[in-house]
Amino acid sequence: DFTDPFPVTRYNSYISVISLDAAGNPDRSSRWSAYFLQNRRAPDDRAQFPSVAVDSLGGIHCVWQHRDPEAAGAAIGYARAGGGSWEQTSIAPNVANLVGRPRIVRGEAGGVEIVWSTTTGAVVWQEKDHEGLTTLDDFVVSQPSAQANRASVAAGYGNVFFSWADQRDGA
């Protein structure tokens, strides 16, 4: 109500994906909201640090860091364009927190590869097919003594490659 002397500000949170046209300009008609939370009384930073990939059939997949205010840590949010609502696709947020942001790329099998690192020092890999179904779930690629963080992933030449920073104490 514009006559209210004490208006309440409302906040909306989105993870948006948009493509470019042939000239390299944003195609605003292609906008897809992978995540949204509307009409909040305060910004809550639930969804941050998105990463997007396109699978071999043209399907769009998006991951992001998701923080539920009720949980002690963060999880990985995931959505696929045309696939309905988003899902939590990673570790339980009360077990370990994330270090850095999740990354996603198109995989050699045509689906997508997702990687993230945790406060327990693990680099975790997950693979999803074209439909967003998990084909490899939470596989730790780092060695047990790692203090890994800021993981990254690439795929090509018939393989999947991972990199991360590692600050161990010599153990």
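Biologist: How many salt bridges does a search of the whole structure find?

Modeller: The search finds two salt bridges. Please note that this is a predicted model.

Biologist: Why is the meeting of the Glu131 and Arg80 side chains called a salt bridge?

Modeller: The N to O distance between the side chains of Glu131 and Arg80 is 3.7 Å. The cut-off is a side-chain nitrogen of Lys or Arg within 4 Å of a carboxyl oxygen of Asp or Glu, so the pair qualifies as a salt bridge. Glu131 lies in the loop between strand S9 (123-128) and strand S10 (134-140), whereas Arg80 belongs to strand S5; the pair therefore ties together parts that are 51 residues apart in sequence.

Biologist: Are these two residues buried or exposed?

Modeller: Glu131 has a relative accessible area of 51%; exposed means over 50%, so Glu131 is exposed. Arg80 stands at 18% relative accessibility. Buried means under 20%, and therefore Arg80 counts as buried.

Biologist: What makes the pair of Glu87 and Lys128 a salt bridge?

Modeller: Their side chains meet at 3.3 Å, N to O. That value is within 4 Å, so the criterion is met. Glu87 in strand S6 and Lys128 in strand S9 are 41 residues apart, and the pair links distant parts of the chain.

Biologist: Why is Glu87 called partly exposed?

Modeller: The relative accessible area of Glu87 is 33%. This falls between the limits of 20% and 50%, so the term is partly exposed. Lys128, by contrast, has a relative accessible area of 1% and is buried.

Biologist: How do you know that Thr89 has polar contacts through its side chain?

Modeller: Thr89 sits in the loop between strand S6 (87-88) and strand S7 (98-106). A distance of 2.5 Å joins its side chain to that of Gln126, and a distance of 3.1 Å joins it to that of Lys128. The cut-off is a pair of N or O atoms within 3.5 Å, so both pairs count as polar contacts. Thr89 is also buried, at 7% relative accessibility. Beyond its neighbours within four places in sequence, Thr89 is in contact with residues including Ile76, Tyr78 and Trp116.

Biologist: Why do we say that strands S5 and S6 pair?

Modeller: Strand S5 (residues 74-80) and S6 run antiparallel and are joined by two bridges. Pairing requires at least two bridges, so the condition is satisfied. The bridge partner of Tyr78 in S6 is Glu87. Both strands belong to an open antiparallel sheet in the order S3-S4-S5-S6.

Biologist: What makes S3 and S6 the edges of that sheet?

Modeller: Strand S3 (47-54) and S6 each have a single partner strand, so one side of each is left without a neighbour in the sheet.

Biologist: How do you know that strands S11 and S12 pair?

Modeller: Seven bridges in the antiparallel sense connect strand S11 (residues 148-156) with strand S12 (residues 159-166). At least two are required, so S11 and S12 pair. Ala155 stands opposite Val160 in S12. The two strands form a hairpin with two residues between them, and Tyr157 in the turn has a positive phi of about 55 degrees.

Biologist: Which residues belong to the largest nonpolar core?

Modeller: This core has 12 residues, among them Ile76, Tyr78, Ile104, Trp116 and Ala122. S5, S7 and strand S8 (112-118) each supply at least two of its residues. A second, separate core of 10 residues includes Trp32, Leu37, Cys62 and Ala79.

Technical notes:
Residues are numbered from 1 along each chain as its sequence is written. This is a predicted model: local features need pLDDT of at least 70, side-chain atom pairs count only at pLDDT 80 or more; totals for chains, interfaces and linings use all residues. Side-chain values use heavy atoms; hydrogens and water are left out. Helices (H or I, at least four residues) and strands (E, at least two) are DSSP runs, numbered from the N terminus. Buried means under 20% relative accessible area, exposed over 50%, partly exposed in between (1.4 Å probe, protein chains only). A polar contact is a pair of N or O atoms within 3.5 Å; within protein, one must be able to donate a hydrogen and the other to accept it, and residues adjacent in sequence count only if both atoms are side-chain atoms. Contact means heavy atoms within 4.5 Å. A nonpolar core is a set of buried Ala, Val, Leu, Ile, Met, Phe, Trp, Tyr and Cys residues joined through side-chain atoms within 4.5 Å.
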